[in-house]
Amino acid sequence: MLPLLTFLTLLLLGYLSGQWLERRHYRSIIEREQQLQNLPHSNSRDLLLPMQDITRVELLAGSVVISIDYFKRVVAILRSLVGGPVASYETLIDRARREAILRLKQQCPDACQLINIRIETSAIHNAAGNGIGSVELLAYGTAIYGRVQTATTAATASVLAASTQPATP
């Protein structure tokens, strides 16, 4: 009876502490995402904003390792016995992806945009070998520095282009 009580106590403690830490991390992520929301990013190779002048291009990388809590590990083990998707890992992967992109953005605060973002994941097994202990996620992309083309510079460029064309008789 004592081992069962110990197991249930650890399970409850893992659930409560894991939920608290996860909520705290999500609050931190949301706060930093709001601070960096003016830096557009995409997984496309195309520029998001038309550029008047590109002064520098830089390859950046941001990585994170996030561990799973005790409760989610037990739920994942039980779910793997039954089969199907392991939903307890979804928030782990979501937090890791968002954190890695934030770390990528924090490296280039003066950039105009981030393009061609790619994400790689790696599962780090725990010592017992019975499931995932942690997840490593690497996000890398290209930071574009320069001046963004505004509506007035676009209009000026089209007027200049029209004035340099030879007149047709």
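Of the 169 residues in the chain, 30% are buried, where buried means under 20% relative accessible area, exposed means over 50%, and partly exposed covers what falls in between (1.4 Å probe, protein chains only). The model is a predicted one, in which local features need pLDDT of at least 70 and side-chain atom pairs count only at pLDDT 80 or more, while totals for chains, interfaces and linings use all residues. Residues are numbered from 1 along each chain as its sequence is written, and side-chain values use heavy atoms, with hydrogens and water left out.

A good place to start is the overall layout. The chain has four helices and three strands, and from the N terminus on these elements follow the order α-β-α-α-β-β-α. Here helices (H or I, at least four residues) and strands (E, at least two) are DSSP runs, numbered from the N terminus. The accessible surface of the chain comes to about 10900 Å², and carbon and sulfur atoms hold 60% of that surface; such areas come from the Shrake-Rupley method with a 1.4 Å probe, and for residues only the protein chains shown count as cover. Contacts, meaning heavy atoms within 4.5 Å, often link distant parts of the sequence: among contacts in the chain with a separation of 6 or more, 80% join residues 24 or more positions apart.

How confident is the predictor, and where? The mean pLDDT of the chain is 82, and 85% of its residues reach 70 or more, pLDDT being the predictor's confidence in each residue, from 0 to 100. Among the elements, strand β1 (residues 51-67) has the highest mean pLDDT, 92, and helix α4 (residues 151-164) the lowest, 50. Over residues 159-164 pLDDT stays under 50, and the model has zero contacts beyond four places in sequence for this stretch.

Next comes the interior. The largest nonpolar core has 21 residues, and C108, L114 and A143 are those with the most contacts inside it. Elements that give two or more residues to this core are β1, α3 (90-106), β2 (113-125) and β3. A nonpolar core is a set of buried Ala, Val, Leu, Ile, Met, Phe, Trp, Tyr and Cys residues joined through side-chain atoms within 4.5 Å. In soluble globular proteins, nonpolar side chains tend to be buried together. Leaving aside neighbours within four places in sequence, L114 is in contact with a long list of residues, including L39, P40, L60, C108 and A143.

One partner of L114, P40, sits in the loop between α1 and β1. P40 is partly exposed, because its relative accessible area is 23%. Beyond four places in sequence, P40 is in contact with L48, L49, C112, Q113 and L114. Its C-alpha atom is separated by 8.4 Å from that of I115, 75 residues apart along the chain.

Charged residues also turn up among the buried ones. R32, in helix α1 (residues 2-35), has a relative accessible area of 14% and is therefore buried. E99, in helix α3, has 5% relative accessibility, so E99 counts as buried. With residues up to four places away not counted, E99 touches H25, I29, R32 and V64, while R32 is in contact with H25, E99, L102 and Q106.

The strands offer further examples. L59, in strand β1, counts as exposed because its relative accessibility is 65%. L59 and N116 are 57 residues apart in sequence and 9.8 Å apart in space, C-alpha to C-alpha. N116 lies in strand β2 and is partly exposed, because its relative accessible area is 23%. N116 has a positive phi of about 55° although it is not a glycine. Most residues other than glycine have a negative phi.

L138 is found in strand β3 (residues 132-148). With a relative accessible area of 32%, L138 is therefore partly exposed. Leaving aside neighbours within four places in sequence, L138 is in contact with A61, G62, S63, R118, I119 and E120. L138 and A100 are 38 residues apart in sequence, yet their C-alpha atoms are 6.4 Å apart in space.

Finally, what lies over the face of Y145? R56 does, at 3.9 Å from the ring centre. A charge sits over a ring if NZ of Lys or CZ of Arg is within 6 Å of the ring centre and within 35 degrees of the ring normal.
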